[in-house]
Structures are given as C-alpha cells and as structure tokens.
Amino acid sequence: MPQDSPIGFIGLGTMGAPMALNLARSGTPLVVWNRTQDRCAPLKQAGATIASDTAELFARCETVILMLENDTATDAVLCRRSQHFATRVADHTIVSMGTVSADYSKHLADDIRSAGGRYVEAPVSGSRKPAEAGQLVGMLAGAPRDRARLREILTPVCKEIFDCGAVPAALHMKLAVNTFLITMVTGLAEAAHFAERHGLDMGRFTDILNAGPMASDVSRIKLAKLSEHDFSRQAGISDVLKNNRLVVEAARDAGIASPLMDACLSLYSETEGLGLAEDDMISVIHAIEARSELASAGTGAPSHDA
C-alpha cells in the first residue's frame with residue numbers, strides 16, 4: 001500500500017463527525033465509514049470518500065483513525081480475536097482517538113504490533129464546540145516516528161498536540177485532565193444551585209464568576225447554558241459518566257484515592273438515572289437539585305456504590 005494513501009476515519013459521533021469534517025475541509029484525502037450511514041452525507045459533501053464497509057476502508061488506507069465509543073466497538077471494527085485481525089491491521093497504523101481504559105489500550109497495542117501493525121493513542125481534550133472549531137488539545141503516545149507523522153495529520157483537528165511517550169501514557173494523561181474537568185464542572189453546577197437556592201441574582205452571579213480568577217472557556221460556556229436552561233449535548237452525561245468510571249477504576253488499580261471523583265460518579269449516575277443520559281454534563285445540576293429535595297423532605301441523599 002502506498003504511503004500517500006488516503007487517511008481512513010471510522011466513527012462519526014458527537015466528536016468524530018466535526019473532526020472528520022475538519023480533516024476533509026483541510027484537503028486531507030479521506031475515506032470514512034460509520035455504522036449509521038446517513039451521518040456520512042456531510043463528509044461526502046466536503047469531499048471525503050464513503051466506504052461501503054470497513055473492509056474497503058482498510059484496503060484503501062494505511063493509516064486508520066478510530067473515534068469509537070468503547071472497546072467493544074473498537075474490537076468489532078478491527079475484527080479482534082478472530083482470524084481476520086492480523087490481515088486487517090498488518091502494515092497499518094491504527095490511531096485510537098476515543099477514550100478507553102489504559103489497560104485495554106496497552107493490550108491492544110501489543111496485539112497490533114504482534115500482527116505487524118503500528119498503534120498510536122491520540123485522545124483529545126475538548127467537547128463538541130472545540131471539535132467543530134478545530135481547537136481540540138491532542139495527546140499522543142506510541143513510537144516516536146508514528147507520533148511525528150500523526151502530529152502533521154491532526155493539525156486541522158487540534159490547536160495543540162502534546163507527546164506523552166509510550167502507550168498508555170496518553171490515556172493516563174487524558175484521564176488526569178478529565179479529573180479536573182469533571183470536578184470543575186460539577187463544582188460549578190453546585191455553586192449555581194447554592195446561589196439560586198439563596199435567592200441571589202443569577203445574572204450577577206454569572207458576571208462575578210466570569211470576571212474572577214476561576215473563569216475559563218469551559219466555565220463561561222456552562223454558565224451560559226445554565227442561565228438559558230440549555231441542556232443540549234456538548235459533552236453528554238453518558239460520556240462523562242464513562243470517563244468518570246475510567247478514572248475511578250484506574251485510581252483503584254493504582255492504589256490512588258479519588259474522593260472527588262467518587263462523589264462525581266454518584267452524581268452522574270443519578271443524573272443518568274433521571275433519564276438525562278443524552279443531555280450535556282451541566283445537567284448534573286438536576287441530580288444536585290434532587291438531593292436538595294430529598295434533604296428538604298428529611299429523607300437524606302441517595303447512596304450509590306461506585
């Protein structure tokens with residue numbers, strides 16, 4: 001397969017679709033596939049080729065980017081644990097941009113290398129709007145030559161890209177970043193709930209936070225969503241809950257305490273239980289409100305096992 005073959009991209013979800021669009025619009029020769037085919041239409045309009053199936057995509061592309069929901073979806077696309085796995089990944093560079101467990105990624109890297117392929121972790125920090133703007137922050141782990149090549153490919157997707165070393169360092173870095181993000185947004189939701197229940201002027205509350213030292217792009221966006229009661233998905237509850245679990249599991253495996261993330265895990269589990277899995281993560285405020293109602297009724301807050 002020629003080294004100048006097009007780039008393959010599989011997975012056109014909330015993050016994958018805008019990322020692939022930015023690649024296509026930058027002039028990157030791109031072949032895409034998605035399980036739900038109607039999501040491919042904007043990519044076709046942007047100049048990408050739509051593969052009829054994953055076999056066609058792997059046959060045409062030496063480098064294949066995967067932006068998939070979990071390890072099950074990744075294994076299915078790669079035909080892992082079947083006789084077709086080696087044929088599919090040999091002489092290919094597999095780039096995993098989704099957030100999976102570091103342990104899974106390490107074993108996948110070993111299997112791909114054993115089959116004659118190359119593997120790069122490339123998780124990103126950011127939600128839908130930064131993805132649309134090509135302003136994600138990328139983290140790379142893998143062989144130095146592969147990291148260098150991916151840095152060039154991902155320029156239309158990321159405003160900055162950081163080398164993290166060997167697999168699974170990029171995923172550990174992503175989980176560390178997510179620990180700060182999740183606890184920050186959850187704290188913001190709790191602060192807004194506190195202010196609202198004390199009858200404060202919420203516009204003034206927002207102005208003070210936006211003018212203060214804690215303000216950030218994330219806090220400004222989430223405060224605006226709260227003030228407008230806009231819970232449309234940017235970083236969805238289901239995705240945040242998955243990431244939260246990955247952090248807690250990685251902490252347990254390493255013998256690390258994670259008190260704040262343990263508390264967040266309960267809150268995001270409760271939010272999903274309210275039927276809000278597809279809403280934005282700031283809708284965690286509804287779980288906090290539900291706890292307040294229980295406390296007011298004298299029944300206490302619900303308890304959940306992590």
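## Second largest pocket and the strand 1 region

In this predicted model, the lining of the second largest pocket is made up of 13 nonpolar, five polar and four charged residues. Altogether 22 residues line this pocket, and those that lie nearest its centre are H172, L175, V247, A250 and A251. Two or more lining residues come from each of helix 6 (102–114), helix 9 (169–197), helix 12 (237–254) and helix 13 (259–273), and among these elements helix 12 gives the most, with seven residues. The volume of the second largest pocket is about 420 Å³.

A separate part of the description concerns strand 1 and its partners. Strand 1 spans residues 7–10, with I7 and F9 pointing one way while G8 and I10 point the other way, and all of them are buried. Such a pattern is expected, because in a regular strand the side chains alternate between the two faces of the sheet.

Strand 1 pairs with two strands, as the table sets out.

| Partner of strand 1 | Sense | Bridges |
|---|---|---|
| Strand 2 (residues 30–33) | parallel | four |
| Strand 4 (residues 63–66) | parallel | four |

Individual residues can be placed within these pairings: F9 of strand 1 has V32 as its bridge partner in strand 2, whereas I7 stands opposite T63 in strand 4. What handedness does the β-α-β unit made by strand 1, helix 1 and strand 2 have? With helix 1 covering residues 16–25, strand 1, helix 1 and strand 2 form a right-handed unit.

Notes:
Residues numbered from 1 in each chain as written. Predicted model: local features only at pLDDT ≥ 70, side-chain atom pairs only at ≥ 80, totals over all residues. Heavy atoms only, no water. 1 Å grid on protein atoms, 1.4 Å probe; cavity = no way out; pocket = protein on both sides within 12 Å on 5 of 7 lines; lining within 4 Å. Points joined across faces, edges and corners; volume = space filled by probe spheres on them. Nonpolar A, V, L, I, M, F, W, Y, C, P; charged D, E, K, R; others polar. Buried < 20%, exposed > 50% of the residue type's maximum accessible area, 1.4 Å probe, protein only. Pairing = 2+ DSSP bridges. Right-handed = clockwise from strand over helix to strand, strands pointing away.
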